Amino acid sequence: RAKTEGRAGFRIFEPSLEVEMRKRRQVEQELAEGISKDHLTLVFQPQVDVESERIIGFETLVRWNHPVRGLILPEAFIPVAERSRLINRLDAWVLRKACTLARDLPEVTISVNMSAASLREPDIAERMIAVLAQVGFDPDRLEVEITESAVFQSEGRAHEALLRLRDAGVRIALDDFGTGHASLVHIRSMPVTKIKIDRSFIMNLGIERDAAAIVEYVVRLGRSLGMVLTAEGVETREQLRFLRAFGTQQAQGYLFSPPVPIEEAQRLLAAQSAGQTGAERHGGPTP
Ligand code: C2E
Ligand code: MG
Ligand code: MG
Ligand code: MG
């Protein structure tokens with residue numbers, strides 16, 4: 001019966017849904033395998049002080065080296081992981097790996113992205129702090145990036161976790177600010193100390209007058225509430241000039257560096273401490 005009457009519906013509807021589900025399940029299975037077989041790798045993107053253009057930290061970003069399909073970017077598998085409990089394993093793996101790799105980088109902060117679902121895991125803060133102790137990574141040097149949805153879902157268990165992390169010295173940054181519904185006034189009551197202004201606003205600095213007005217407002221209000229402001233996705237000198245004029249303290253983006261392997265991150269820091277300034281790195285005027 002399904003083969004005759006229901007045929008059109010079967011073709012248009014069920015296969016796509018079924019194919020979709022099967023694909024997702026396959027990605028989940030392969031990702032689970034990828035995590036246990038260490039097919040995931042981490043890259044590190046410099047975060048700079050806007051005034052001096054010196055590197056003050058690195059954001060950790062995950063990559064998947066699929067044995068058949070090659071390099072896969074997070075947007076293709078993080079959402080799949082977030083629909084299953086895999087995200088907890090993935091975020092835990094990233095934390096341990098990032099801290100192990102970056103343990104010997106001098107002075108800089110290491111940021112890791114953490115999904116809302118991971119923050120709701122029972123005893124997540126204690127487990128994270130235990131990992132830091134095992135690895136020998138100072139909690140003062142760790143920053144956790146969460147999204148607005150995580151902040152808003154964080155009334156219960158996740159909020160507790162954030163407080164406990166903060167009390168242990170871990171910093172909390174709000175990622176992709178401006179893409180959700182969070183207001184700075186609301187965020188003030190959360191254990192968040194840094195705001196990362198979303199790339200979509202930074203991209204339009206110098207192009208759309210509204211973007212400049214919004215960024216300037218966010219920086220002013222954020223700073224007056226005692227928060228550190230960071231701009232993500234800075235690609236041009238012009239964008240940096242706006243950010244500097246507005247008093248944004250930190251920036252991150254291709255203008256400074258794309259995400260790089262740990263060896264390159266070490267090299268960038270070594271070059272910096274050998275006395276090369278940001279301006280020299282970018283071919284600007286030398287003193
Ligand atoms: P995000 O945390 O907002 O990370 C910034 C993204 O922008 C990264 O993409 C980075 O490579 C990219 N980016 C940095 N500078 C520039 C720039 O100047 N121009 C442009 N066009 N892009 C720039 P990526 O690595 O593909 O990561 C995408 C998202 O995946 C991240 O957004 C984050 O939400 C998520 N993600 C990455 N790693 C992890 C992880 O370990 N755990 C979790 N839960 N999520 C992760
Ligand atoms: Mg991030
Ligand atoms: Mg971001
Ligand atoms: Mg983003």
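Visitor: Is Asp175 buried or exposed?
Guide: This is a predicted model, where local features need pLDDT of at least 70, side-chain atom pairs count only at pLDDT 80 or more, and totals for chains, interfaces and linings use all residues. Buried means under 20% relative accessible area, exposed means over 50%, and partly exposed is in between (1.4 Å probe, protein chains only). Asp175 has 7% relative accessibility, so the residue counts as buried.

Visitor: Which strand holds Asp175, and how many of its residues are buried?
Guide: Strands (E, at least two residues) and helices (H or I, at least four) are DSSP runs, numbered from the N terminus. Asp175 sits in strand E6, residues 171-177. The rest of the structure largely encloses E6, because the buried residues number 5 of the 7.

Visitor: Which residue of E7 is the bridge partner of Leu174?
Guide: Two strands pair if DSSP finds at least two bridges between them. E6 pairs with strand E5 (residues 142-146) in the parallel sense over 4 bridges, and there Leu174 partners Ile146. E6 also runs parallel to strand E7 (residues 194-197), joined by 3 bridges. In E7, the partner of Leu174 is Ile195.

Visitor: Which protein residues are donors of the magnesium ion (ligand 3)?
Guide: Donors are N, O and S atoms within 2.8 Å of the metal (3.2 Å for Na, K and Ca), and water is not among the atoms, so sites may look incomplete. Here the spacing along the chain is D-D-x55-E. At 2.0 to 2.4 Å from the ion, the protein donors are Asp175 (OD), Asp176 (OD) and Glu232 (OE).

Visitor: How many residues apart are Asp175 and Glu232?
Guide: Glu232 is in the loop between strand E8 (228-231) and helix H12 (237-246), while Asp175 is in E6. Glu232 is buried too, at a relative accessible area of 10%. The pair links distant parts of the chain, 57 residues apart.

Visitor: What about the magnesium ion (ligand 2): which donors does it have?
Guide: Along the chain the donors follow E-x53-N-x31-E-x29-D. Lying 2.0 to 2.2 Å from the ion, they are Glu59 (OE), Asn113 (OD1), Glu145 (OE) and Asp175 (OD).

Visitor: Why does the pair Glu145 and Asp175 tie together separate parts of the sequence?
Guide: Glu145, buried at 1% relative accessibility, lies in strand E5. Asp175 lies in strand E6, so the pair joins parts that are 30 residues apart in sequence.

Visitor: Which residue coordinates both magnesium ions?
Guide: Ligands are numbered from 1 and chains lettered from A in the order in which they are written, residues are numbered from 1 along each chain as its sequence is written, and side-chain values use heavy atoms, with hydrogens and water left out. Ligand 2 and ligand 3 are 3.7 Å apart, and the residue bridging them is Asp175.
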